[in-house]
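Look at the chains below, then read on. The text goes through charged pairs and nonpolar cores.

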Amino acid sequence: MSIFSDVPLAPPVAVFKLTADFREDGNPQKVNLGVGAYRTDDCQPWVLPVVKKVERMIVEDGSLNHEYLPILGLPEFRSASAKVALGDDSPAIKDNRVGGVQALGGTGALRIGAEFLRRWYNGVNNTATPVYVSAPTWENHNSVFTDAGFKDIRPYHYWDAANRGLDLAGLLDDLEKAPERSIFLLHACAHNPTGTDPTQDEWKKIAEIMKRRNLFAFFDSAYQGFASGNLEKDAWAIRYFVSEGFELFIAQSYSKNFGLYNERVGNLTVVAQDSENLSRTLSQMEKIVRTTWSNPPSQGARIVSKTLNCPELFAEWKGNVKTMADRVLLMRDQLKSKLQDLGTPGTWDHITQQIGMFSFTGLNPKQVEYMIKEKHVYLMASGRINMCGLTTTNIDYVAQSIHDAVTKVQ
Amino acid sequence: MSRAGSSLNETGVKLNGDPGADLSVFTKALTAAESPETRLLSAFKKDTHARKAYLAGREYYSEEGKTFELRLVRRIKQQLSADPTTRPEYPSSLGLTQFTRRATEVALGKSSRAIVENRAFGVQTPGFTAAVRLGAELLRHWYDGGAARCGTVYLSSPLSCADSLAGIFQAAGIPDIRQYYYWDDEQRGVCLEKLLQDLEKAPERSVVVLSASAHYPTGADLSQNQWAMITKLVMRRRLFPFLLLPAQALCCGDLERDAWPVQYCASQGMELLCAQSFSHCFGLYGEAVGHLLCVLKQNSLLLSVQRQADKIVRSLWAQPSVGGAQVVATVLSNPAHLVEWKQELKSIVERCMLIREVLRERLRLLGTPGCWDHLTQQGGLYCFTGLNGEQVEFLSKRRHVYLLPIGCLNVSAINGRNLDYIAESIHLAVTTSV
C-alpha cells in the first residue's frame, strides 16, 4: 500500500487553468487577459534592456565568486532593496534599524515574514494572532499565512462592488474592531486584484487607527515603479508608515518591475525600533531560512543589485519601468474611451482610476463566462483583467466584447 | 508614555508597542544561536595567522584555493544569455520540465521501470535544503491519509552532524527525530550491525533518511551488500526511505555508481523520495539547483501527489529560479556536453582522491599514531578524520587550521601550499593532546 494512497486530488490553480484553456483555444481572435505578467504591444514578454545589459556584464565577469550566497542573501542587494523601498535618505536606514532578507520572490519574502511572526510576534508561537487580508486579495496570501501556522485568517473590507471603489468605511471599521496586535496585510500600491488603492488621506486614516490599536503592518510591495511609473510615488504609503514610527515588514518582489519572473528575486525588508531588536529579528529569520532554502539563488539578486547600485543603470532601469507603466496607462485610457464611445451601459471611470497591472472590470461571472465562451476573451471569474494583455491590435475587439457582454448578459 | 494623538518626536521614534511600554514588537525574539559553521567562519576571518587554513567549507575549492566555474558551464551560460528566445515569465511551480526529466533520469536511469510505468516524477527546487523541505512537507501532510500522526524520522548518527537535516523536518512539522547508528568512531566506518538493530526497532511507517553517496560529513558510504540488507529490513518493517544524493558523480566520477542505491531501491519496487543537488557537480553553488524525486508504487497516484507538491511549493517559494536548472538540463540533454562534463568532473574527483592519498601518506611518514586508512576508504569532498573535540580545538586555536567540530574536513581545501602544514598540524594534534 502506498503511503500516498489517500492523497486527494487538489483542484488546479485557476489562473494557470485559464492560461491552459487559452492555449488550447484555436480561435484566431482569442485574447488572454488572465496572466499576471507584463506583455508588450506585440503581446510578448519583455526582457528589460537594462537587464539584458547587466546579464551580459555578469556572464563576462571573471572575478565573481561562485560560492553559496550567505543565508540572508547578497548584502549589496539587501541594502539596495531597503533604499528603493524607503528612500536613499531614510532616517530609519540612517538609524541602522532597517535590515533585509533576500528571498525567493515576493512569495518567499511573505513566507519568511509570516514564519517569523508566527514564532515571535504577540507572544511566542502564538498561532492564534488574527491575520487580516483584504477582500478580495491575491489567493496565495491565504495559503502562505495558513501554511506558516496561523489559524485565524480573516478578511477586511476592501472592494465596494456597488460603487466600484474602495470601501473605506468598512475598512476603517474592521481596523477599529480588530483585536489589538492583529496582523494586517496591506498592498503598498496597485492592489491585486482590484487595482484600487487608498488615497494619501485614506492611508493617513488607516495608519492612525493602526497605530492607536497596535496593529501590525505587513506590506506586500510587488509593483513599485510599475504602478505609476514613479518609484517614490508608489512607495508613499510605506514611507508614511515608517515616518509615523511603525515597525513593519515589506515583502518586495522584483518579478514585475525587473521582469525577473523566473529568477525569483525578492526581499523582506524589516523596520525595527532599533538596531538591537533588528539584529535579534534577523538572527531568527536566518534560522528560518536555513530550514527552507538555506542559500538563496544568486543570479537575480546580482542583476538587481548591480542595477540599483550604479547610477547610470539605475536611471536606465527607471526608464524601462516607466515604459511598462506608460503602456498600461495608455491601454487604460483607450479602453475607457472606447467603451464610452460604444455607449456601453454603466460608468467606466474605474478603469482609469484603478492603477497597476490589474483592473476589476465589474463584470459578473455570467458575463465573464460569455466573454470566454463566446468571445474567446479570457479573464478571471472575478472580472479581473490584466491590462498588459491589451494591445493596440486587440483593444477594439475587447471593448466590443465587453460591450456585448454587458448588453446581452445580465 | 505614548498617548493617542501625542506629537511625534522628530528625532525619536514613535512606537506601536504596548501602550504604557516602550517595547518593540520584536521584543520576544531571542538571539538565535549561531550555527557552528558560522561561528567557525567568523573566527577564521578574524584570525590573522599567516598560515591559517579553513577546511570546513561546503564548496569545492580548486588548487588555487578558489571556487570556480566549470568551463563548460561558463560557455553554456554565455550561450543562454545570448539566446533571443528566452521568455521572462513565471515557470511552473514544479520547475522546468526538461530539467526535472533529466534529473529524474540521472537518478533512476533512463530505462527504470518506475519511469517507463509513469510512477516517477520530479520537482525542481531552489537547492538541496529546499528539496528536503518539500519532501518533509509532503510526508507530513499526507502521512497515513492525513491523520494526526505525523510519523517519526530517523537520521544517521551522530545526530549533531544531521543538525540541519533535523531542523528541516521539524520546520515541516515533524517533531519526532531519532537516530540510527551509523558512524563508528573506533571502526572509523559504518557499523552495519548496530544500524540494523536500530532500524529493526523503528515504528512502522517511520521515515529513514539514507545517504545514497557522499555521506555528509563522514564521507563513509554503504556498500552494495549493506544496501541489500538495509532495504530488506526497510521493506519488511514497512519503513519509508528518503534518500539523499547531494553530490552525484563527485564520489568516484561515475554518475551511475553514485546513484546505484536509488536505482536499487526503485528496482525492488519501493516507494521513495530522493533529494538531489546539482550544486557540487556543476559548480553552481550560488544558483540553488535542487530536485526532489518521487517514486510511487502506483501511477494512479502520480497526479494527486504531484498536485499536492505543487500546492506546497506555491506557499513556500511559488516557483523555483530557472538559470541554473537551464544549464544542467542543457548539459544532461546533450551527449557531447555530457562527455565534456564528465571529463571536467573526473579531474575534480581525481584531485580529491589524490589529496586523500597524499595526506594519508604524509601522516604515515610523520609517524602519526593510529590508522589513517579511512581517509582513502571514504570518497567525495568530505573526510571524517576521527579527531576528537579536543584535538579539533587544538587545531583551530594553536595551529589556525579550522575543521568542523565533529572532526570533518573538506579535502579540496587542502593544496600544494598548505598540505605540509596541515599534515604536521594533525600530527601535533594527535601527539600533543592528552
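What follows takes salt bridges first and nonpolar cores second.

This is a predicted model, in which local features need pLDDT of at least 70, side-chain atom pairs count only at pLDDT 80 or more, and totals for chains, interfaces and linings use all residues. Residues are numbered from 1 along each chain as its sequence is written, chains are lettered from A and ligands numbered from 1 in the order in which they are written, and side-chain values use heavy atoms, with hydrogens and water left out.

A salt bridge here is a side-chain nitrogen of Lys or Arg within 4 Å of a carboxyl oxygen of Asp or Glu. Over all chains, the count comes to 45 salt bridges. One of them joins A:Lys53 to A:Glu316, with 2.8 Å between the closest N and O atoms. A:Lys53 lies in helix α2 (residues 49-60) of chain A and A:Glu316 in helix α13 (residues 311-342) of chain A, so this pair ties together parts that are 263 residues apart in sequence. Helices (H or I, at least four residues) and strands (E, at least two) are DSSP runs, numbered from the N terminus. A:Lys53 is partly exposed, at 41% relative accessible area, and A:Glu316 is partly exposed at 25%. Buried means under 20% relative accessible area, exposed over 50%, and partly exposed in between (1.4 Å probe, protein chains only).

Helix α2 of chain A also holds the pair A:Glu60 and A:Arg56, which are four residues apart, about one helical turn. The closest N and O atoms of their salt bridge are 4.0 Å apart. A:Glu60 is partly exposed, with a relative accessible area of 43%, and A:Arg56 is partly exposed, with 36%.

In chain B, B:Glu105 forms a salt bridge with B:Arg102, at 3.0 Å between the closest N and O atoms. Both lie in helix α3 (residues 97-108) of chain B, three residues apart, about one turn of the helix. B:Glu105 and B:Arg102 are both buried. Elsewhere, salt bridges that share partners join A:Arg111, A:Glu115, A:Arg118, A:Arg119, B:Arg133, B:Glu137 and B:Arg140 into one network.

Now the nonpolar cores. A nonpolar core is a set of buried Ala, Val, Leu, Ile, Met, Phe, Trp, Tyr and Cys residues joined through side-chain atoms within 4.5 Å. The largest has 103 residues, and those with the most contacts (heavy atoms within 4.5 Å) inside it include B:Leu55, B:Ile230 and B:Trp341. Helix α13 (residues 335-366) of chain B gives the most to this core, with eight residues. Apart from this core lies another, of 79 residues, among them A:Phe145, A:Phe216, A:Ala272 and B:Trp317.
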